[in-house]
Amino acid sequence: MNLEKIRSQMRKGVLELCTLSIISDKPAYVSDIIEHLKESKLLVVEGTLYPLLTRLKNDGFLSYHWEESKTGPPRKYYKITLLGEALLKELQQAWGDLTGTVNLIIKKK
Amino acid sequence: MKKNFTVNICGSIFNIDEDAFEKLNYYLEGIKNHFKASEGGDEIISDIESRIAEMLREKLTEEKEVITLDDVDKVIQAMGQPFEFEDEEEKAEQDNLWADGKKRPKRLFRDGDNRIIGGVASGMGAYFNTDPLWFRLGFIASIFFLGPLLYIIFWLIMPLARSTSDKLEMRGQKVNISNIKKSINEEISALKNKLDDLRGETKDVFQKKSENQKNIFDQILEFIITIIRYFVKAIVVILGISLIALGIFIAISFFVSILETDNFVHISPTGISSLSITMFLKSIFANGNVLILAIIGIILITVIPILMLIYAGIKLIFNFKFKSRFIGIPALSLWIAGLIICIVIGAHMARSFSHRVITKEDFSINQPTGNTLYITIKQEQGTDEFIEYGNNLMFGGLNMLSYKNQFIGIPKLKFIKSDTDSFHLSLYNIARGIDHKSAKLRSENIIYNFSQDDTTLILNPYFTLPENELWRSQNTKIIIKVPEGKKVKLGENASMFFDYNFNNEYIYHSSGKSWELSNERIEKITHTKTIRISPSKSRKIRKISGIHLSTCCSNII
């Protein structure tokens with residue numbers, strides 16, 4: 001088992017939660033999301049995000065619209081849907097449970 | 001100085017260095033390949049492209065107008081390689097993609113990289129996606145049956161996977177740049193491993209080894225294949241030359257035959273003879289237009305196959321590529337046209353031969369004083385050659401020849417028993433025509449002469465037709481009636497003529513012999529001693545006085 005792999009799997013688990021959270025604040029442009037995620041070191045390569053966003057959009061958790069940009073071509077802005085908010089709540093709940101349990105286990109040591 | 005490209009990424013224009021372009025292009029190719037099969041793949045790809053465009057735009061400043069390799073490297077690093085995209089579902093689909101998303105059919109190649117002998121079993125293993133061990137075991141198990149033969153056949157028919165794209169197809173992977181690069185990288189790393197294995201050995205040894213890597217089996221096989229190839233090539237060339245020669249020969253004969261107008265059958269002093277189709281047709285057709293049409297028809301159905309023969313020969317030898325439908329279809333059409341012409345004319349001609357009439361003329365001849373009637377053939381210059389030719393021609397009913405611009409035919413001679421005590425001679429003239437009247441007229445027009453002095457009957461060797469008479473299967477039969485107990489003796493000079501009539505090998509050189517009628521059959525007797533032979537009873541060949549005799553006598557009557 002290599003460390004990087006474990007880390008990557010941990011990140012993968014929470015990536016959807018974090019992405020949904022970022023978008024739920026306000027409609028977000030991909031670069032914004034990436035910046036957020038990178039800051040928190042949740043994202044190693046950007047490529048990971050695109051399939052995830054597309055999948056969430058196709059499943060109806062996200063929607064998007066195009067917005068004109070001053071510096072370049074129109075940008076895709078993602079917005080959370082009602083369904084997405086429901087999912088987010090579920091995930092936050094799950095995350096809360098998980099971190100609680102995990103912390104409990106870790107602190108026991 | 002660097003070469004520069006202008007690219008359009010998601011609506012933005014970039015100037016990019018050649019090396020940077022190649023790297024970026026390859027990377028995007030990989031991305032496309034990765035997402036192509038997945039749901040919403042196009043969207044993902046365009047999102048990624050637009051993000052790349054954005055990142056590249058950030059790299060440009062007023063001083064820096066061109067995207068460099070370094071920029072591209074940084075972008076790729078940020079975006080990550082397809083295999084780094086940590087998405088469980090996509091991963092599963094990626095696996096499908098390796099197995100070939102579009103279900104492109106695999107091809108059966110020999111796998112030279114994993115071979116033991118020729119790579120047949122390893123190629124099969126790659127094709128069926130199983131361990132080649134099973135195929136190897138199969139070949140070994142059937143070593144005393146068809147195994148070795150099958151192995152050789154597979155070896156010959158399965159191409160060796162030489163190029164990288166061959167190898168990808170062999171494993172059923174899609175042939176595209178990224179897969180090829182992947183495959184090449186694998187090969188390079190395999191080679192590196194090999195090099196590591198060989199570390200310690202000198203470089204020379206390694207080079208020598210790589211030269212010898214060509215399997216000894218392959219070398220032998222290549223040698224055999226080369227020999228077979230040359231052999232086949234030689235046969236093809238010989239066949240081609242033969243076809244051309246045959247075609248030219250037939251063409252020459254045919255044109256001589258068309259152009260030769262003097263004689264239906266031409267007999268030259270050297271014995272070279274030819275058959276004139278033109279003359280033959282001229283003697284059949286009353287109408288000149290029909291004659292021309294018939295010649296055209298015959299030329300079409302004859303010349304076209306000859307030309308095709310020559311064409312095939314040339315094609316074989318020079319192995320040139322020419323769309324054969326430009327030759328084949330017109331040739332076939334013309335040939336069929338010729339065939340139709342010939343059939344129509346042939347049907348028309350058949351009517352002209354529909355009626356057959358025989359007219360009979362009886363002649364009383366001077367009776368010989370003794371018991372024996374001598375028969376000789378009137379000798380003229382060229383008679384022998386002519387008769388010999390007729391003898392060889394064997395046209396069956398067509399014993400008509402044009403000789404020295406005159407139509408002549410060889411009559412048939414028969415001996416039968418006479419009702420009376422005297423010799424008789426009857427002529428049966430036979431001809432055909434479109435109706436009874438014309439047939440009768442033609443049969444009466446047949447000219448045949450004979451003469452007699454003392455005891456000898458002198459027969460003309462041929463009958464003739466009046467000038468401009470058409471050939472309608474005219475024929476003449478000479479029937480000589482021989483009284484019982486009397487003999488017929490054939491003259492020495494008549495050998496050819498009688499050979500023609502008694503066309504039977506057992507009665508060769510029958511001239512100079514005597515013939516006698518007994519039991520209503522003509523029988524042969526020797527000079528010295530009369531031997532009666534009844535060949536009709538046994539119908540077997542007997543050898544008497546060194547001469548073979550058989551059923552010939554019964555044939556005569």
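**Exercise 1.** How many of the nine residues of helix 5 (residues 120–128) of chain B are buried?

*Solution.* Begin with the terms. Helices (H or I, at least four residues) and strands (E, at least two) are DSSP runs, numbered from the N terminus. A residue is called buried under 20% relative accessible area, exposed over 50%, and partly exposed in between (1.4 Å probe, protein chains only).

Next, apply them. Helix 5 of chain B is mostly covered, as seven of its nine residues are buried. The buried residues of this helix are Val120(B), Ala121(B), Ser122(B), Gly123(B), Met124(B), Gly125(B) and Ala126(B). Just after the helix, Asn129(B) has a positive phi of about 55°.

The basis of the exercises is as follows. This is a predicted model, in which local features need pLDDT of at least 70 and side-chain atom pairs count only at pLDDT 80 or more, while totals for chains, interfaces and linings use all residues. Residues are numbered from 1 along each chain as its sequence is written, chains are lettered from A and ligands numbered from 1 in the order in which they are written, and side-chain values use heavy atoms, with hydrogens and water left out.

**Exercise 2.** Describe chain A as a whole, and then place Thr19(A) within it.

*Solution.* Step one concerns the elements. Chain A contains four helices and three strands, in the order α-β-α-α-β-β-α from the N terminus.

Step two concerns burial and surface. Chain A has 109 residues, of which 39% count as buried. Its accessible surface (Shrake-Rupley method, 1.4 Å probe; for residues, only the protein chains shown count as cover) is about 6800 Å², with 58% belonging to carbon and sulfur atoms.

Step three concerns contacts, meaning heavy atoms within 4.5 Å. Among the contacts in chain A with a separation of 6 or more, 48% join residues 24 or more positions apart.

Step four turns to the residue. Thr19(A) belongs to helix 1 (residues 3–25) of chain A. With a relative accessible area of 0%, Thr19(A) is buried. Leaving aside residues up to four places away in sequence, Thr19(A) touches Ile33(A), Leu37(A), Leu49(A), Leu52(A) and Leu53(A).

**Exercise 3.** Characterise the interface of chain B and chain A.

*Solution.* First, the extent: 26 residues of chain A are in contact with 24 residues of chain B. The two chains bury about 2000 Å² between them, 45% of it on carbon and sulfur atoms; this buried area is the accessible area (1.4 Å probe) that two parts lose on being put together, summed over both.

Second, the charged pairs. A salt bridge requires a side-chain nitrogen of Lys or Arg within 4 Å of a carboxyl oxygen of Asp or Glu. Five salt bridges are counted between chain B and chain A. One of the salt bridges pairs Lys57(A) with Glu43(B), whose closest N and O atoms are 2.4 Å apart.

Third, the elements. Helix 2 (41–59), helix 3 (69–79) and helix 4 (88–98) of chain B each supply at least two residues of the side that touches chain A. Helix 2 of chain B gives the most, with eight residues.

**Exercise 4.** Which residues does Arg472(B) touch, and which does Thr476(B) touch, not counting residues up to four places away in sequence?

*Solution.* Start with the setting. Chain B has 19 helices and 20 strands, and 40% of its 557 residues count as buried. Residues 24 or more positions apart make up 65% of its contacts with a separation of 6 or more.

Then take Arg472(B), which is found in the loop between strand 14 (463–464) and strand 15 (475–482) of chain B. Arg472(B) is buried, at 5% relative accessibility. With the stated exclusion, Arg472(B) touches Ser283(B), Ile284(B), Met349(B), Ser352(B), Phe353(B), Ala431(B), Arg432(B) and Arg442(B). Between Arg472(B) and Ser352(B) there are 7.8 Å from C-alpha to C-alpha, although they stand 120 residues apart along the chain.

Finally, take Thr476(B), placed in strand 15 of chain B. Thr476(B) is buried, its relative accessible area being 0%. With the same exclusion, Thr476(B) touches Pro411(B), Lys412(B), Leu427(B), Tyr428(B), Asn429(B), Ile446(B) and Phe463(B).
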